[in-house]
Amino acid sequence: MLLETARPATRRAHHDLTAAQAERIRRIRRTGAYLLLIVATAVFVLPFLWMVTTSLKSDAENLAFPPQFLPDSFHFENYAKGWSGNLPFNSFLLNSVLITALSMVGNLISCVLPAYAFARLRARASGVMFSLMLATMMIPREITLVPKYIMFAQLGWVDSYLPLVVPEFFGVALYIFLLRQFFTTIPQEVIDAARIDGASELRILWRIMLPLSKPAIASIMLFSFVGNWNQYLESVIYLRTTEKFTIPLGLAMFSGQYATQYNQMMAVALITLMPVLILFFIAQKTFIRGVTLTGIAGR
Amino acid sequence: MTAISLGRRRRPVSATRREARRFHLFVSPWVIGFVLFSGGPILASIVISFTKWSLLRPPEWVGLANYRKMFADAEFWNAVSNTFYYGIGSVALGVTFTLLLAILLNQPLRFQGLFRTVFYMPSVVAGVATALLWLNILHPDYGLINKLLAMVGITGPGWLGSTEWAMPALILMSVWGSGNTIIIYLAGLQGIPQTLYEAAEIDGAGWWRRFWSVTVPMMSPVIFFNVVTGFIASIQAYTLILIMTEGGPANSTMVLGLYIYQNAFVYFDMGYAAALSWAMFLIVIVVTLIQFGLARRWVHYEFK
């Protein structure tokens with residue numbers, strides 16, 4: 001009963017606010033929003049800052065208590081020591097660059113062509129194939145992990161880059177889907193006009209579709225780069241010889257060998273994060289467009 | 001006359017056929033890839049799951065033995081329950097936390113782009129490097145978190161070294177890396193008509209009421225999407241667990257994906273690993289179907 005009568009009263013009170021009061025409430029609310037965002041930012045950023053400061057600490061500061069947030073002097077030598085210590089990070093870097101570059105080229109060629117076919121060429125099997133492709137996106141990769149390993153082992157490809165690179169030349173369902181969606185938005189008249197001028201399909205694809213689809217291509221290339229650069233599971237399954245290791249394997253090895261050498265570990269980890277961080281800051285919009293197009297962060 | 005009409009009738013047919021031939025040519029990279037690296041292996045996986053195969057000796061047909069073994073395998077059930085623990089924990093925390101952040105970000109504030117960058121960045125750089133960072137932060141003696149706790153007089157838990165705290169630690173880490181869902185939420189929030197909020201405000205609804213009666217129902221399809229894809233992703237997110245705990249201590253972070261990896265590439269029991277991967281598939285399907293079933297109760301679709 002009390003509640004029943006109270007409610008209209010507060011409602012009226014809310015309406016009777018003076019402009020000054022309303023402004024004050026709005027300001028308080030905005031300050032609250034900023035405060036919450038700043039706290040959240042601290043939670044998200046602090047680990048990165050800790051990474052940077054740790055990488056510059058001396059061995060003693062690294063283990064000090066109470067924790068020392070800033071080192072007394074910057075020990076940049078941690079970077080050189082970690083990088084050219086017992087593990088050949090230069091070869092890891094070279095291997096990672098090689099695998100990532102080849103995979104990106106493979107992804108580009110093998111996704112653009114099918115995407116164009118699904119978007120612009122008619123064939124009876126098209127619908128069935130497209131549904132089949134979407135279906136494979138829902139099946140966990142763990143199911144193919146064992147048969148693929150057996151196949152590559154029988155081919156004698158274990159401890160080589162072939163199992164990591166060759167499949168990248170045969171299409172990635174997610175990327176084909178993303179590109180196909182983008183290709184369908186390009187006006188048919190543009191393509192028809194080119195056809196009437198006698199352009200071949202490859203020429204249409206190269207001269208018209210690709211230039212008009214730069215944002216989508218950039219998205220899949222970014223996803224491909226980050227995915228291959230960070231790729232761990234398959235590398236750990238297929239690569240055996242230390243000299244053939246990639247950066248992620250090298251980092252894991254480092255942490256296994258020097259478990260608490262955190263200053264050097266963070267230094268090396270930061271070096272390997274640099275390409276991804278720089279790309280992220282340059283191409284943030286492209287990442288975001290890719291995520292909103294597919295709803296997936298490309299993994 | 002007849003020749004021309006014949007030609008006319010034939011030309012579209014051959015043009016269609018030429019187009020179909022081009023379609024098959026262009027789509028062939030994916031078709032080959034499908035046969036060799038997904039469709040083929042999927043079929044092979046079914047067959048392998050009925051064998052005992054260590055790769056050192058030829059495979060031996062064992063019928064349903066692997067599946068029978070699975071039902072009696074306590075480690076398998078432990079892995080399943082850990083998978084749900086991790087999945088439910090990381091999705092529940094990640095989905096609500098990022099929704100709140102997205103709502104905050106959707107206010108007309110300054111530095112919006114900067115905040116978005118900050119929240120999104122960890123999910124992009126997630127990999128071995130950030131796993132090592134978290135190993136450092138979570139270290140029981142030298143880690144940032146326990147040092148901070150010790151400064152206010154609290155003895156922090158052993159985190160990754162403790163059977164009780166290892167999983168919560170991994171879940172916290174996954175929330176840190178779930179900022180990509182903020183972008184999907186933001187796209188959804190921008191689709192809510194402002195007039196709904198204005199109408200609610202005229203009716204005297206406070207911010208809490210507007211959140212529950214406007215934002216949540218209008219966002220429910222997006223939340224649903226993030227829950228479904230988030231859970232599937234969590235089942236497959238065992239690479240970081242492999243690096244950080246290898247399933248330990250005492251199997252407390254042994255999730256199903258890791259158990260598959262271990263059986264295949266540590267014990268070389270290919271048949272059992274294949275059978276386990278089908279159990280994982282079944283879990284994905286069942287959970288997704290349940291979520292779709294529940295969705296009817298709470299997901300609100302706007303029909304215009």
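Here is a friendly exchange about a predicted model with chains A and B.

Biologist: Glad to have you here! What ipTM does the predictor give the complex?

Modeller: Happy to start there, and do keep in mind that this is a predicted model. The complex receives a pTM of 0.87 from the predictor, and its ipTM is 0.87.

Biologist: And chain B itself, what pLDDT does it average?

Modeller: In chain B, 95% of the residues score at least 70, and the average pLDDT is 88. There is one stretch to treat with care, since residues 1–10 of chain B have a pLDDT below 50. Beyond near neighbours in sequence, that stretch has zero contacts in the model. For the chain B average, the value is 88.

Biologist: How many helices are there in chain B?

Modeller: Chain B has two strands. Alongside those strands, the count of helices in chain B is 13.

Biologist: Why is chain B described as more spread out than a compact globule?

Modeller: The globule rule gives 19 Å for 304 residues, and chain B is well over that, so it is more spread out than a compact globule. Its C-alpha trace spans about 95 × 70 × 35 Å along the principal axes. The number behind the verdict is the radius of gyration of chain B, 26 Å.

Biologist: What share of chain B's contacts between residues at least 6 apart in sequence join residues at least 24 apart?

Modeller: For background on chain B, buried residues make up 39% of its 304 residues. As for contacts between residues at least 6 apart in sequence, the share that joins residues at least 24 apart is 67%.

Biologist: How far apart are the C-alpha centres of the two domains of chain B, domain 1 and domain 2?

Modeller: The domain assignment places domain 1 of chain B at 2–48 and domain 2 at 69–298. Between their C-alpha centres the separation is 41 Å.

Biologist: Which helix of chain B gives the largest share of the side that touches chain A?

Modeller: A good one to look at in the structure: 71 residues of chain B are in contact with 76 residues of chain A. On the chain B side, the residues divide into 52 nonpolar, 16 polar and three charged. The largest share of that side is 20 residues, and it comes from residues 2–48, helix α1 of chain B.

Biologist: Turning to chain A, which helix supplies the largest share of the side of domain 1 that touches domain 2?

Modeller: Chain A is divided into domain 1 (19–80) and domain 2 (87–294), with C-alpha centres 34 Å apart. Ten residues of domain 1 of chain A are in contact with eight residues of domain 2 of chain A. On the domain 1 side, α2 (19–55), α3 (59–63) and α4 (77–83) of chain A each supply at least two residues. The largest share, four residues, comes from α2(A).

Biologist: Where does UniProt list "domain: ABC transmembrane type-1" in chain B?

Modeller: This feature comes from an unreviewed UniProt entry, and for chain A the record lists residues 93–283. In the model, that chain A span is 76% helix and 0% strand, with its end C-alpha atoms 22 Å apart. The chain B span is 73% helix and 0% strand, and its end C-alpha atoms are 18 Å apart. In chain B, the UniProt record lists residues 80–291.

Biologist: UniProt also has "transmembrane region" entries for chain A; what percentage of residues 33–52 of chain A is helix?

Modeller: The unreviewed UniProt entry places that feature at several spans of chain A, including 33–52 and 204–226. Residues 204–226 of chain A are 96% helix, with end C-alpha atoms 29 Å apart. Over residues 33–52 of chain A, the end C-alpha atoms are 28 Å apart and the helix content is 100%.

Biologist: And in chain B, how far apart are the end C-alpha atoms of residues 117–137?

Modeller: UniProt's unreviewed entry lists 117–137 and 222–244 among the "transmembrane region" spans of chain B. Residues 222–244 of chain B are 87% helix, with end C-alpha atoms 31 Å apart. Residues 117–137 of chain B are 90% helix, and their end C-alpha atoms lie apart by 22 Å.

Biologist: One last residue: is B:Tyr120 buried or exposed?

Modeller: B:Tyr120 is found in helix α4 (residues 112–125) of chain B. Leaving aside neighbours within four places in sequence, B:Tyr120 is in contact with B:Gly179, B:Asn180, B:Ile182 and B:Ile183. The cut-off for burial is 20 or more other C-beta atoms within 10 Å. B:Tyr120 has 21 C-beta neighbours inside 10 Å, so it counts as buried.

How values were computed
Residues are numbered from 1 along each chain as its sequence is written. Chains are lettered from A and ligands numbered from 1 in the order in which they are written. This is a predicted model: local features need pLDDT of at least 70, side-chain atom pairs count only at pLDDT 80 or more; totals for chains, interfaces and linings use all residues. UniProt positions are given in the numbering used here, feature names are shortened, and annotations may be inferred rather than shown by experiment. The radius of gyration is taken over C-alpha atoms; the globule rule is 2.2 Å times the number of residues to the power 0.38. A residue is buried if 20 or more other C-beta atoms lie within 10 Å of its own, exposed if 12 or fewer, and partly exposed in between; C-beta atoms are placed from the backbone. Two residues are in contact if their C-beta atoms, placed from the backbone, lie within 7 Å. Domain bounds come from an automatic or database domain assignment. Ala, Val, Leu, Ile, Met, Phe, Trp, Tyr, Cys and Pro count as nonpolar, Asp, Glu, Lys and Arg as charged, and the others, Gly among them, as polar. pLDDT is the predictor's confidence in each residue, from 0 to 100.
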